[in-house]
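I opened these notes to keep track of what I looked up, element by element and then chain by chain. The entries follow the order in which I went through the model.

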Amino acid sequence: MHLDLPIFLNLLMIGLFQGAIYSLISMGLTLIFGTVKIVNFAHGDFLMLSGYFVFWIWAILGLDPLISLPIVFSALFCLGYVTERVLIKRVIGRPTHIQMLMTLGLSLVIQNLVIVFWKADPRYVHTVYADLRLELGGVAIPFPRLLSFFVAMLFALTLHLFLLKTTYGTAIRGTGQDPEAAHLMGINVNKIYALSFGLGISCNAVAATLLSTYFPLSPFLGASFMVITFIVIVLGGLGNYMGAFIAGLILGTIEVLTAYMLSPLLRQTIPLVIFILVLLLKPEGLFGRKLHR
Amino acid sequence: MSFGNVIVMRTICTRKEAITRIQGIIIVAVVVVAAVAGGIAWTFMTPPTPKVDEVRIGILAPLTGAAAYFGDGMKAMAELLAKKINDEGGIKSLGGAKIKMIVADTEGKPDVGKTQARRLITENKVHLIIGALHSGVTLPAAQESERSGIPFICDASSHVDLTRQGFKWFFRTWGSDAIFARNYFECLKWLQSKTGHKVKTIAFISEESLFGVGVATEWEKLNIDPELGGFKLVAYIRHPVSPADVTSEALTLKAANPDVVLSVNTPMPDAILWTKTLKSVDFFPKAFMTTAGFIFPEYVSSVGKDGEHIIGREGWSIDLTVRKPIAKEINDWFKKEANRDMHVYTMQMHTTIVVARDALERAASVDPEKLRQALANTDIPGDKIIPPWKGVKFDNTGQNIYANNFMVQLTKGVYRAIWPEEIATVPPVFPAPTWKER
């Protein structure tokens, strides 16, 4: 396989750009797991739903995805908040299989509602910068993907600062560590659960907005991303959103390099091998706290 | 003779007459009783022919999953066509029995397709099954049909193995990958002779599905054929269905720089992703020859001008409405009723239901064996179906011997027929311009 420096740099950048998307989706999923202690199997479908929100705002109002980002973010936050209050709260603390059934059922409902209302036709957002490319020393960088990367980094930093520096952020982290202690400290744990779920879902809004600038939308968009997302959150440490962020970047790069240098069929095989190795050797993840039996 | 003798003789004669009359009455009574008894016996021994009120046809289609767009169209055509036939009087040889379509979602998954086929047969008691688009789904579903002795008419799955199983109850109106793969190389040979541009190198892209691998395997075999192929294979890219990114794959192609790329991608989002990614890495071969996800109106609306000059293996093109009256009639009707354009899988659903209706009329029965015989003896002329074939006729493996495809090129947003020349409506653009030249 022909590999020179420009191609390698190109692959590296595409890997990081792809990884940034994985990071955003994974941060949302691991935030939900870390606080609410539920694995949200409908996470990919909220990503898809976010994409449709972006598409319809663009199709009806003509707004570029990046301009409609705050609207989509707010809408998905509210949707996530309400979903937790109406559905998810009923299975918190219940056996795992009950939680799985709830979120898997939610996944099917979302997918089928989208098909009923908007059919299975693929959608594509046309932006004015879709075909722009930056040429740097023989390396061609697609502008939408470069822009997505920077927006993803900015959002990750904002989320990190929110969780670290604000009262609500501290409450979320505290509730994740020990809900009972948080409750005793006067934190409204139920409200924090809803807030965390909403925030986790709205990470999808950011990911979908950035994806929509170059990726086709369909009711099954989530399926393309969920396998790698689960690998990322395990690699990063369950509940560790910064771990998920870094792991996403790493896995995105590994995936892209593997597909070029070895085979596209190994694109997800290598990450899965890494996933198994991590589970065997460091089950708390690369950046998680050691699990005590 | 004395008077007494006369009386005796008259009495004897009368008695003889009386006996004869009694005998006659007895004989008549016996005959009547025998006839009645025979009639009763016949009635009980020969069951009455049941009246058929409805003909239940199971439709297997992917209503969810990556191919849901196709399944949605298949369902629409099946239900609308059933209504049309019923409005025209139903199956006349069955006393006007109405057709009832029972659509089952395969989700594009083999295990689900198999379960749905079993459910259609055992619970819905369908008289025949049509389906199932994905070759990987059709095979296990057809096995269920074979086991149960219910006819299965395949509308759009093309894997060669489907007619190599020795199935008795399986029929395919569509062509096989062996036929279709050949169409690419025949067209490529014609393109070179028509334009004078020679092809030296080739690359394949295939998704990891039964369909994708099946087609690519046939390409590999044909490429060895010195008459049709003989090109240097510089890249063979296989990737999972619905990938999250194909940049690495596109860069691989760019590095290999083939003259021609043959591609098979079923889901439309994959086709759109490939097109946009090829543009982002600034690579487009002299000819990009493909099928499935690339050959739909929604692909065009998504990629716009970026899809120009794509060459597709097709079964349906709007150009058919110019050359075939039935194509125009059905296309106009479907557009009005379903409020959407036709595509190759809606066309194939129509073709297959035409075949099913024809078989039902000739069988005049929903008995499985009679229906199977009727299907095996199908001989429908080309003017009764939309595809530009001689007609529909099955060989002893259940394969329609007349099935074939033609090639279209996306020209100013419309798929125009370019090969074979006798149905072409525009000249081909070969070699295709690069991205910079457009």
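Entry 1, helix 7 of chain B. I began at the end of the helix, in a model that is predicted, and found that helix 7 of chain B is followed by Asn257(B), whose phi is positive at near 50°. I then went back along the helix itself and noted that eight of the 10 residues of helix 7 of chain B are buried, which leaves the helix mostly covered. Those buried positions are Thr247(B), Ser248(B), Glu249(B), Ala250(B), Leu251(B), Thr252(B), Leu253(B) and Ala256(B). What do the buried residues of helix 7 of chain B pack against? I listed helix 1 and helix 10 (241-261) of chain A on one side of the account, and strand 6 (201-207), strand 7, strand 8 and helix 8 of chain B on the other.

Entry 2, the contact between the chains. Since helix 7 of chain B packs against elements of chain A, I looked up the interface as a whole and found 32 residues of chain B in contact with 34 residues of chain A. On the chain B side, at least two residues each come from helix 2 (68-87), strand 7 (232-239), helix 7 (247-256), helix 8 (268-280) and helix 9 (297-303). Helix 8 of chain B gives the most, with seven residues. I sorted this side of chain B by residue class and obtained 14 nonpolar, nine polar and nine charged residues. For the confidence of the whole model I noted an ipTM of 0.91 and a pTM of 0.82.

Entry 3, helix 1 of chain A. Helix 1 of chain A covers residues 5-36, and at 1.5 Å a residue its 32 residues should span 46 Å, which agrees with the 45 Å between its end C-alpha atoms. Of these 32 residues 26 are buried, so I recorded helix 1 of chain A as largely enclosed by the rest of the structure. Just after this helix, Lys37(A) takes a positive phi of about 65°.

Entry 4, chain A overall. I counted 11 helices and two strands in chain A, and their order along the sequence reads α-α-α-α-β-β-α-α-α-α-α-α-α. The radius of gyration of chain A is 19 Å, close to the 19 Å of the globule rule for 293 residues, so chain A is as compact as a globular protein of that length. Its C-alpha trace spans about 60 × 50 × 35 Å along the principal axes, and 51% of its residues are buried.

Entry 5, chain B overall. Chain B has 13 helices and 14 strands, and its C-alpha atoms fill a box of roughly 140 × 45 × 40 Å along the principal axes. I noted a radius of gyration of 31 Å for chain B, where a compact globule of 438 residues would have one near 22 Å. Buried residues nevertheless make up 53% of chain B. The average pLDDT of chain B is 91, and 93% of its residues score at least 70.

Entry 6, strands 8 and 9 of chain B. Strand 8 (residues 260-264) and strand 9 of chain B run parallel and are joined by three bridges, and Val261(B) has Phe288(B) in strand 9 as its bridge partner. Which way do the residues of strand 9 of chain B point? Ala287(B) and Met289(B) point one way, Phe288(B) and Thr290(B) point the other way, and all are buried.

Conventions
Residues are numbered from 1 along each chain as its sequence is written. Chains are lettered from A and ligands numbered from 1 in the order in which they are written. This is a predicted model: local features need pLDDT of at least 70, side-chain atom pairs count only at pLDDT 80 or more; totals for chains, interfaces and linings use all residues. Two residues are in contact if their C-beta atoms, placed from the backbone, lie within 7 Å. Ala, Val, Leu, Ile, Met, Phe, Trp, Tyr, Cys and Pro count as nonpolar, Asp, Glu, Lys and Arg as charged, and the others, Gly among them, as polar. The radius of gyration is taken over C-alpha atoms; the globule rule is 2.2 Å times the number of residues to the power 0.38. A residue is buried if 20 or more other C-beta atoms lie within 10 Å of its own, exposed if 12 or fewer, and partly exposed in between; C-beta atoms are placed from the backbone. The expected span of a helix is 1.5 Å times one less than its number of residues. pLDDT is the predictor's confidence in each residue, from 0 to 100. Two strands pair if DSSP finds at least two bridges between them.
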